[in-house]
Amino acid sequence: MPTKIPRAWVFYMSKEFQIISSYTTKQAVEDGVLVPVDSKISEEAGIVYPVLMTGTVWNRYIRKPDGMEHQDLDGRLWDLLFMFAVQARKSKGGALLFFKVLFQLPVDMSWLDNEKRELQSEPETRLVTLKAVVSAHDIDNPAPAIFIMLPEDD
């Protein structure tokens with residue numbers, strides 16, 4: 001099921017705006033829907049805004065999968081952030097950016113629609129397409145943040 005990035009829903013009540021319901025970034029982090037990236041590693045990759053990724057992206061691509069002992073979380077995270085930063089520098093603007101990262105995943109792990117076989121000789125290597133959106137960090141913090149997710153998420 002696609003992940004929804006937190007947004008405040010605003011409904012008209014007479015002539016004033018009133019927030020009826022909201023799901024904040026803070027709540028999404030507490031629930032594990034979003035995972036904040038340590039600013040030290042994102043800054044090392046040349047990213048100036050806070051980075052958050054969906055729990056799906058974090059658990060599938062960043063957390064070291066069983067059977068991949070030669071991998072580590074920091075290396076996988078660096079690969080994703082570096083490839084995002086390279087692609088973002090090429091971007092002509094806009095709030096939506098698709099980028100690709102190579103990840104090694106267990107051969108017997110199911111495939112998602114955003115994953116393609118890159119090298120026939122290395123069945124554990126997948127070319128993964130991800131999406132990044134730049135948006136307000138939270139309802140009470142309008143500063144920009146980068147949200148990294150699967151292509152079908154919004």
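A residue counts as buried when its relative accessible area is under 20%. That cut-off is needed at several stops of this tour, which moves through a predicted model.

**The whole chain**

Begin with the complete chain in view. Four helices and eight strands make up its elements, and from the N terminus they follow the order β-β-α-β-α-β-α-α-β-β-β-β. The chain has 154 residues, 37% of which count as buried. Its accessible surface amounts to about 9400 Å², with 55% of that belonging to carbon and sulfur atoms. Among contacts with a separation of 6 or more, 49% are between residues 24 or more positions apart.

Next, colour the chain by pLDDT. The mean for the chain is 86, and 86% of the residues reach 70 or more. Then select residues 8–13, where pLDDT stays under 50. The model has 16 contacts beyond four places in sequence for these residues. Where pLDDT is low, the predicted coordinates should not be read in detail.

**Helix 3**

Select residues 55–62, which form helix 3. Six of the eight residues here are buried, so the helix is largely enclosed by the rest of the structure. To see them, display Gly55, Val57, Trp58, Arg60, Tyr61 and Ile62. Keep Arg60 on display for the next stop; this residue counts as buried because its relative accessibility is 13%.

**The salt-bridge network**

How many salt bridges does a search of the whole structure find? The search finds two. Side chains of opposite charge can pair when their charged atoms come close.

Select Glu115 together with Arg60: the two form a salt bridge in which the closest N and O atoms are 2.7 Å apart. This pair links distant parts of the chain, with Glu115 in strand 6 and Arg60 in helix 3, 55 residues apart. Now add Arg126, whose side chain meets that of Glu115 in a salt bridge, 2.7 Å from N to O. Here too the pair links distant parts of the chain, since Arg126 lies in strand 7 (residues 125–138) and Glu115 in strand 6, 11 residues apart. Taken together, Arg60, Glu115 and Arg126 are linked in a network of salt bridges. Glu115 has a relative accessible area of 4% and is therefore buried; Arg126 is buried as well.

**Leu105, beside the network**

Select Leu105, in the loop between strand 5 and strand 6. Is this residue buried or exposed? Leu105 is buried, because its relative accessible area is 0%. Beyond four places in sequence, its contacts include the network residues Arg60, Glu115 and Arg126, as well as Tyr61, Pro65, Met68, Arg76 and Glu124. For a distance check, pick the C-alpha atoms of Leu105 and Lys64: they are 8.8 Å apart in space, while the residues are 41 apart in sequence.

**Gln104 and its polar contacts**

Step back to Gln104, which lies in strand 5 (residues 96–104). Its relative accessible area is 19%, so Gln104 falls under the 20% cut-off and is buried. With which side chains does the side chain of Gln104 make polar contacts? One is that of His70, at 2.8 Å, and another is that of Gln71, at 3.0 Å. Beyond four places in sequence, residues in contact with Gln104 also include Pro65, Met68, Arg76, Glu122, Glu124 and Thr125.

**The nonpolar cores**

Turn now to the largest nonpolar core, which has 27 residues. Select Met53, Leu80, Leu81, Leu130 and Ile148, the members that touch the most others. At least two residues of this core come from each of strand 4 (51–54), helix 3, helix 4 (73–90), strand 5, strand 7 and strand 8. Helix 4 supplies the largest share, five residues.

Centre the view on Leu130. Among the residues it touches beyond four places in sequence are Val57, Tyr61, Leu80, Leu97, Phe98, Phe99 and Ile148. A second, separate core has six residues, among them Leu34, Ala145, Phe147 and Met149.

**Last stop: Ala143**

Finish at Ala143 in strand 8 (residues 141–149). Ala143 counts as partly exposed because its relative accessibility is 35%. Beyond four places in sequence, Ala143 is in contact with Ser135, Ala136 and His137. Add Pro50 to the selection: Ala143 and Pro50 are 93 residues apart in sequence and 9.2 Å apart in space, C-alpha to C-alpha.

Technical notes
Residues numbered from 1 in each chain as written. Predicted model: local features only at pLDDT ≥ 70, side-chain atom pairs only at ≥ 80, totals over all residues. Heavy atoms only, no water. Buried < 20%, exposed > 50% of the residue type's maximum accessible area, 1.4 Å probe, protein only. Polar contact = N/O pair within 3.5 Å; in protein donor to acceptor, adjacent residues only side chain to side chain. Contact = heavy atoms within 4.5 Å. Areas by Shrake-Rupley, 256 points an atom, 1.4 Å probe, with all protein chains shown as cover. pLDDT = per-residue confidence, 0-100. Salt bridge = Lys/Arg side-chain N within 4 Å of Asp/Glu carboxyl O. Core = buried A, V, L, I, M, F, W, Y, C linked by side-chain atoms within 4.5 Å.
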